[in-house]
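Morning, everyone. Please look at the screen while I talk you through one chain.

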Amino acid sequence: MAPPGRHTQSEGETLELLLTTHFPNSEVTQELAVPAAILLARCSDGRLAARVVTYRRVEWAIDSFAPYKSPGVDSIFPALLQEEQEAVIPHLVRIFRACVSTGYVPATWQQVKVMFIPKPGRNSYSGPRDYGPISPTSFLLKTMERLVDRYLRDKALALMPLHLNQHAYQAGKYMEIALYQLTVQAEKALDQQETALGVFLDTEGAFNNTCYDTTCDALVRHGSDYSIVRWIRATLEGCVTVATLNGFSMKLAISRGCPQRGVCVCVLSSLLWCLVVEDLLARLSGNGVFIHGYADDMPSRGG
């Protein structure tokens with residue numbers, strides 16, 4: 001990697017700098033890593049898998065994607081699955097159920113091609129943070145993620161909903177609602193001639209730096225089934241990104257995160273982060289503190 005203050009001298013240095021900047025605490029690798037959990041004998045839970053994965057749910061999940069979204073490294077885009085549903089879905093049901101019941105994720109699903117796109121409005125593009133990663137993942141993995149996401153929202157979150165003032169990634173909740181509620185609190189303090197202190201927290205690298213243990217602990221606290229937690233952990237731990245520049249390729253084994261924009265886990269990422277930040281919202285609420293969250297942004301007011 002290029003030392004601080006010096007420009008990169010090759011495609012390899014450029015890729016390594018981009019990858020290690022956007023995926024901290026990860027390692028450049030030559031081979032796809034097999035998570036340790038995959039190597040262990042495991043019990044299967046066929047009954048849970050049959051509830052999570054059904055023919056109709058797989059059909060719904062496949063139809064939820066735009067037909068010609070960019071595919072992952074397997075080059076399978078949604079239209080291929082949508083046009084041959086009757087032939088494909090019975091096989092996918094068996095595969096997905098086996099994955100849920102054993103906590104297994106095929107290595108090819110976890111190989112993610114990453115592309116770095118210039119961020120708009122920058123004065124220059126000389127640093128790694130002037131670019132943002134975009135990483136299409138396999139739509140077979142995305143389809144299964146969609147099934148798991150639906151199951152968690154219908155079951156675990158139905159019994160233990162997300163914090164009332166978390167406004168991101170939920171039907172019927174928007175950023176405008178969070179801003180409106182914060183404005184109401186501020187106007188209330190002014191009307192009552194009170195003193196209010198506002199604090200705005202935007203967590204840098206929140207999605208990319210979340211530890212896997214923290215993510216899994218949050219799932220357990222919300223009553224997620226063990227098999228679901230095990231499968232999500234296997235998905236996270238086995239993720240490898242592949243970046244290419246002028247014909248030179250580099251792989252990076254991801255060691256943490258529930259990233260945005262399709263890196264590692266894209267469909268589940270939003271829900272995983274909401275579960276992680278849930279504890280912070282709960283701890284800060286009450287005792288004269290009013291907090292509102294939108295993903296990793298958390299404005300609050302104290303009276």
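Let's start with a question: which residues in H6 are buried? Keep in mind that this is a predicted model. Here is the list. From the start of the helix, we have Phe 139, Leu 140, Leu 141, Lys 142, Thr 143, Met 144 and Glu 145. Then come Leu 147, Val 148, Asp 149, Tyr 151 and Leu 152. That makes 12 buried residues out of 16, so H6 is mostly covered, with buried meaning under 20% relative accessible area.

One name on that list may catch your eye: Lys 142. Why does Lys 142 count as buried? Because its relative accessibility is 10%, and the cut-off is under 20%. Lys 142 sits in helix H6. Now look for Leu 268. Along the chain, Lys 142 and Leu 268 are 126 residues apart. In space, their C-alpha atoms are separated by 8.6 Å.

Next, the helix itself. H6 runs over residues 139-154. From first C-alpha to last, H6 reaches 22 Å, close to the 22 Å expected at 1.5 Å a residue. What caps the N-terminal end of H6? Ser 138 does. A side-chain oxygen of Ser 138 lies 3.2 Å from the backbone nitrogen of Leu 140.

Now the partner, helix H11, residues 226-237. The axes of H6 and H11 come within 12 Å. They cross at roughly 145 degrees, and the crossing is left-handed. Who meets whom? On the H6 side, find Leu 141, Met 144, Glu 145, Val 148, Tyr 151 and Leu 152. On the H11 side, find Ile 228, Trp 231, Ile 232 and Thr 235. Sort that contact by class, and you get eight nonpolar residues, one polar and one charged.

Move to another helix. H4 covers residues 78-83, and Gln 82 is in it. What does Gln 82 touch, leaving out residues up to four places away in sequence? Ile 62, Asp 63, Phe 65 and Pro 67. With Ile 62, there is a polar detail too. The backbone oxygen of Ile 62 lies 2.9 Å from a polar atom of the Gln 82 side chain.

Finally, zoom out. The chain holds 12 helices and nine strands. It has 303 residues, and 45% of them count as buried. Take the contacts with a separation of 6 or more: 73% of them join residues 24 or more positions apart. Lys 142 and Leu 268, remember, are 126 residues apart along the chain.

Notes. Residues numbered from 1 in each chain as written. Predicted model: local features only at pLDDT ≥ 70, side-chain atom pairs only at ≥ 80, totals over all residues. Heavy atoms only, no water. Axes fitted to C-alpha atoms, helices over the stretch in contact; angles between N-to-C directions. Helix = DSSP H or I, 4+ residues; strand = E, 2+ residues; numbered from the N terminus. Left-handed = near helix turned anticlockwise from the far one by under 90°. Contact = heavy atoms within 4.5 Å. Nonpolar A, V, L, I, M, F, W, Y, C, P; charged D, E, K, R; others polar. Expected span 1.5 Å × (residues − 1). Buried < 20%, exposed > 50% of the residue type's maximum accessible area, 1.4 Å probe, protein only. Polar contact = N/O pair within 3.5 Å; in protein donor to acceptor, adjacent residues only side chain to side chain.
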